[in-house]
Amino acid sequence: MILNKNYYYFFFTHILKNSINFFARLIFDKKKIICGFYFLLFFTNSHSQEIKVVKQDTTYIEKLDEIVVTGQYNPQSIKKSIFEVKVINRKDIEQRAANNLADLLNQVLNINITPNTSTGKSGVSLFGLDAQYFKILIDNVPVINEEGIGNNVDLTLINLDDIQQIEIVEGSMGVQYGANAVSGVINIITKKSSSQTTQINAYVQEETVGNEYELFQRGRHIQSLKIGHNFTNNIFTNITVTKNYFAGFWDNKQGEIYDENDGLRGHAWLPKNQYNTKFLFNFKKERFNLFYKFDYFNEQIDKYNNIVDVNENSATATIDPLALDEIYTNNRYIHHLNSNGFLSENINYNISVSYQQQTKDLETYTFRIRKDEKLNIQKGEYLSRAALFSRGTFSNLIQTDNFNFQAGYELTNERGAGSPLAITIATDENITKQRLDNYDLFASSEINISNRFSLRPGARISFTNLFENQYVFSLSSKYFFKNDVELRTVIGSANRTPNYDELYTYFVDVNHNVQGNPTLNPEQGMSAFVHLKKEYELAKKRIYAKSKISASYINVNDRIELIVVEQSPLAFQYNNIDIYKSFGVFSENTFQYHNLKIQLGASLLGISKILDSSISSKDDFLYNIQLNSSLNYSIPRSKTSISLYFKHTGKQHQFVERTNAAGNQEYQKGTTESFNWLDATVKKSFLERKIETTLGVRNLLNISSVGTTAFSGGAHTAAPQNIQLAYGRSYFLKLAYNLNL
């Protein structure tokens, strides 16, 4: 549907109607009326609260934003951290109206996010390495996904509604967080307290998908309700329920009920419906804290086949069109129990135990299009993962004015069956369950050589049921120069263990032969990062500025790739063959003048890949430039803020194996074209911040795809000529209601 003036009117006037309908349509039938009743009750009885309360809560949040926990012995300020930590606070998340992690990180320097239109997932890379090389953590616990625990997480599945801040540490964190933390970690810190007795937050967000929008039918429709309550001074609970319905991108497609066999049935981007329910119980008293978190995520993706069988009946000269359709259902459960506090006067402990499970179900059926009827329905599970994870740290074991010692452990027991490559409903005959266990011990010490100079050496040993023992080392340092220049370095190793698919995939039929390899070795990674940062004031202290310049080096040996192991019949298997190196220089700068804040960043990254070390293929460094910037201007008198976010991703190159004119295989340089991304938002508060509206435009420059010659074809497919990045420019409007009691 193409937007015209009537549709714009329809879009903005009906969002209020959608906000009311939300409480009658949200999650579970028995809770719909209750949710709506409580909302209306609180709304009609809300009175002007003391401004002092709101200001206190805002100050409290801003203070928390200055405290980091990732890789720390104890929560502390960024300035005291020996690691360089990049923080995205709650204010930034709300200003961008980001609902999931993919929405938020696509503007971050050195992070690239690429959606997959056929699966609904989003791929992500950091410093040129994909998501297998850095970890996604929630409160220091890695998140389960279809390929393992912690790595290769689909960022569209991480909801941000209960998030306090996000901390990004670039560089090897193998000692602190184990395998697969080669290029860094992204740690999501959830909110666990409130200064108010009761907080109620509800919002609806309506968004176009490109130029398509229709209430409940086309576009993106998000609703959320969050209630937090302090039962006593020691007990806090929080529950969050969110629905995110993406109606797909139709483009020139005709959807589900189209019955012509011309390739136009279905969607260009698959529609999906997500539900997320989160619960927190937190008990805190003096030097002891205990919390339990439960997270349930459900996603349904509908895939309507573009091939239609007209099913002609020659005797009656009638047709009864049929299509073979599929429904993919994703369920994820996360239980997290944490206890932290003090074992003695000084020894601080932090222990987490988490049980996580993810299952993927498939429903196939023959759809009788004109009768809206499902035939030959088959349902079943095709993939399952379950993991028991525990992490414990004990800090200040030996503590003096100049020395601190921390020891810890991690254990991961992972069980799984099935593969995202071989999508086959599991039966007793074809299901094979496998396991991967890791038991790690690690220790580090923080040594204050002087008031200005600190070192942190660390080591980890990892025991597994599949590989030889793995040893990881690191050395971090912090030095404060006399002119307030801060220097931080992180040098460390980190291995990447083969994921479940690389070890156990078995996809063999008349057309395919793709197999995992249980004899794979873990990849060996090494990285070095140097950060030089200074905060200063300009224009007679009217401009506050912060500048940072960094350099990075990453080296990965024994990289795992899927290679051809037999030409006839064609067969593929995972093997350790590759070498990866990258060298980068990047800078990030912040300038603030009164209510105007400007951020500028630039990055130059060179990547070298030896695609097959056995034949010493091309290893030249290929370079990529990224630029990003943001501008935020606030108008306190009208409680309005205006923001712009821009990112330029330069041309990306890589060597691709192709057949030359003489019929021989050689490595040729392929290129993915550059592109620019621009977002804009305006946020305004009413009634002492009880009502907040955010109006914005995503992808203002209307990018959809970029050309590429950087990929080779598969066994049955030609090389892609374009990479789909987006569905064009889209508009959103968010209405939020906040009540503090």
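Is L532 buried, partly exposed or exposed? In this predicted model, L532 is partly exposed, with a relative accessible area of 35%, and the legends below place this residue and several others in their surroundings.

**Figure 1. Overview of the predicted chain and of the confidence assigned to it.** The chain has 741 residues, of which 52% are buried, and its secondary structure consists of eight helices and 42 strands. Among the contacts with a separation of 6 or more, 64% are made by residues that lie 24 or more positions apart. The accessible surface amounts to about 34000 Å², and carbon and sulfur atoms contribute 55% of that area. The average pLDDT of the chain is 85, and 85% of the residues reach a score of at least 70. Residues 1-65, however, have a pLDDT below 50, although in the model this stretch has 94 contacts beyond near neighbours in sequence.

**Figure 2. Close-up of the open sheet formed by β4, β5 and β6.** The three strands are arranged in the order β4-β5-β6, and their pairing is antiparallel. Strands β4 (111-115) and β6 (129-130) form the edges, and because each has a single partner strand, one side of each is left without a neighbour in the sheet. Strand β5 comprises residues 122-126 and is joined to β4 by five bridges, the two strands running antiparallel. Within this part of the sheet, P115 is placed opposite S122 of β5. As background to this view, the strands of a sheet pair through backbone hydrogen bonds, in either a parallel or an antiparallel manner.

**Figure 3. Close-up of a nonpolar surface patch that includes L532.** The patch covers about 1000 Å² and is built from Y479, F481, L532, I549, Y553, F583, V585, L604, F621, Y623, I625 and L627. Strands β31 (543-566), β32 (571-593) and β34 (622-635) each provide at least two of these residues, and β34 gives the largest share, with three residues. L532, the residue of the opening question, belongs to strand β30, which spans residues 523-538. The relative accessible area of 35% lies between the limits of 20% and 50%, and L532 is therefore classed as partly exposed.

**Figure 4. Close-up of the salt bridge between K79 and E486.** The structure contains 34 salt bridges, and in the one shown here the side chains of K79 and E486 meet with an N to O distance of 2.7 Å. K79 is located in the loop between β2 (76-77) and β3 (85-89), whereas E486 is part of strand β27 (residues 485-496), so the pair ties together parts of the chain that are 407 residues apart in sequence. The two partners can also be described by their accessibility: K79 is partly exposed, with a relative accessible area of 45%, while E486 is buried, with a value of 4%.

**Figure 5. Close-up of the salt bridge between K533 and E84.** The side chains of K533 and E84 meet at 3.4 Å, taken from N to O. This pair links distant parts of the chain, with K533 in strand β30 and E84 in the loop between β2 and β3, 449 residues apart. K533 is buried, with a relative accessible area of 8%, and E84 also counts as buried, at 9% relative accessibility.

**Figure 6. Close-up of K639 and its surroundings, including the salt bridge with E688.** K639 is placed in the loop between β34 and β35, and its salt bridge with E688 brings the closest N and O atoms to 3.0 Å. E688 lies in the loop between β38 (675-686) and β39 (691-698), so that this pair, too, links distant parts of the chain, which are 49 residues apart. Both partners count as partly exposed, E688 at 29% relative accessibility and K639 at 28%. Apart from neighbours within four places in sequence, K639 is in contact with K683, K684, S685 and E688. For one of these contacts, K684, the C-alpha atom is separated by 5.7 Å from that of K639, and the two residues are 45 positions apart along the chain.

How values were computed. Residues are numbered from 1 along each chain as its sequence is written. This is a predicted model: local features need pLDDT of at least 70, side-chain atom pairs count only at pLDDT 80 or more; totals for chains, interfaces and linings use all residues. Side-chain values use heavy atoms; hydrogens and water are left out. Two strands pair if DSSP finds at least two bridges between them. Helices (H or I, at least four residues) and strands (E, at least two) are DSSP runs, numbered from the N terminus. Patches are made of residues with over 30% relative accessible area and no salt bridge: like charges are joined within 9 Å, nonpolar side chains (Val, Leu, Ile, Met, Phe, Trp, Tyr) within 5 Å. Accessible areas come from the Shrake-Rupley method with a 1.4 Å probe; for residues, only the protein chains shown count as cover. A salt bridge is a side-chain nitrogen of Lys or Arg within 4 Å of a carboxyl oxygen of Asp or Glu. Buried means under 20% relative accessible area, exposed over 50%, partly exposed in between (1.4 Å probe, protein chains only). pLDDT is the predictor's confidence in each residue, from 0 to 100. Contact means heavy atoms within 4.5 Å.
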